[in-house]
Amino acid sequence: MTEQDEMSLVIYYNSIRKNYIDDIKVLIENGCKNRAILSFKYDYLNFLINLMQILIILISASLTLMESIKTYYNTENEAIDITAILFTSFIGIIMTLYRFLKLENNKERTGNILESYNLILNNLFNNQSKSMG
């Protein structure tokens, strides 16, 4: 192999290496954006789940308070009875939405995908460091 052939081969391998590094940079950029979007989705689902659970707790506490007041004052108040029925219905609606939307499953899947993205991006960062070094 002549010196010119070796030089051509070095230039060829350097161009391949540069393309490889550029591809890794693009993958890292896209991966970071996708990871951020997934992180926002995970946080949003977590917020919804927490909100629904807090609403159920507050409505349940209100029901208990109303029933306690009704019992303490030994009264038959139709407004308390109707409100209790409405609050119980709200709890049922919230729980139905929670199950129908499968929020916990979606949150878990999003969390698993987010973990996978983190592993892949770490591998890409490592490959980028190795190829530049």
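Which element of the protein chain has the lowest mean pLDDT, and which the highest?

**View 1. Confidence along the predicted chain.** Helix 3 (residues 103-132) has the lowest mean pLDDT, 89, and helix 2 the highest, 93. Here pLDDT is the predictor's confidence in each residue, from 0 to 100, and helices are DSSP runs (H or I, at least four residues) numbered from the N terminus. The chain averages 91, and 98% of the residues score at least 70. In this predicted model, local features need pLDDT of at least 70 and side-chain atom pairs 80 or more, while totals for chains, interfaces and linings use all residues. Residues are numbered from 1 along each chain as its sequence is written, and side-chain values use heavy atoms, without hydrogens and water.

**View 2. The end of helix 1.** Asn74, just after helix 1, takes a positive phi of about 50 degrees.

**View 3. Helix 1 against helix 2.** Helix 2 (residues 78-101) packs on helix 1 at an angle of about 160 degrees, with the axes 10 Å apart. Axes are lines fitted to C-alpha atoms over the stretch in contact, and angles run from 0 to 180 degrees between N-to-C directions. The two helices are therefore roughly antiparallel (an angle over 145 degrees).

Key: Angles under 35 degrees count as roughly parallel, over 145 as roughly antiparallel, 65 to 115 as roughly perpendicular and the rest as oblique.
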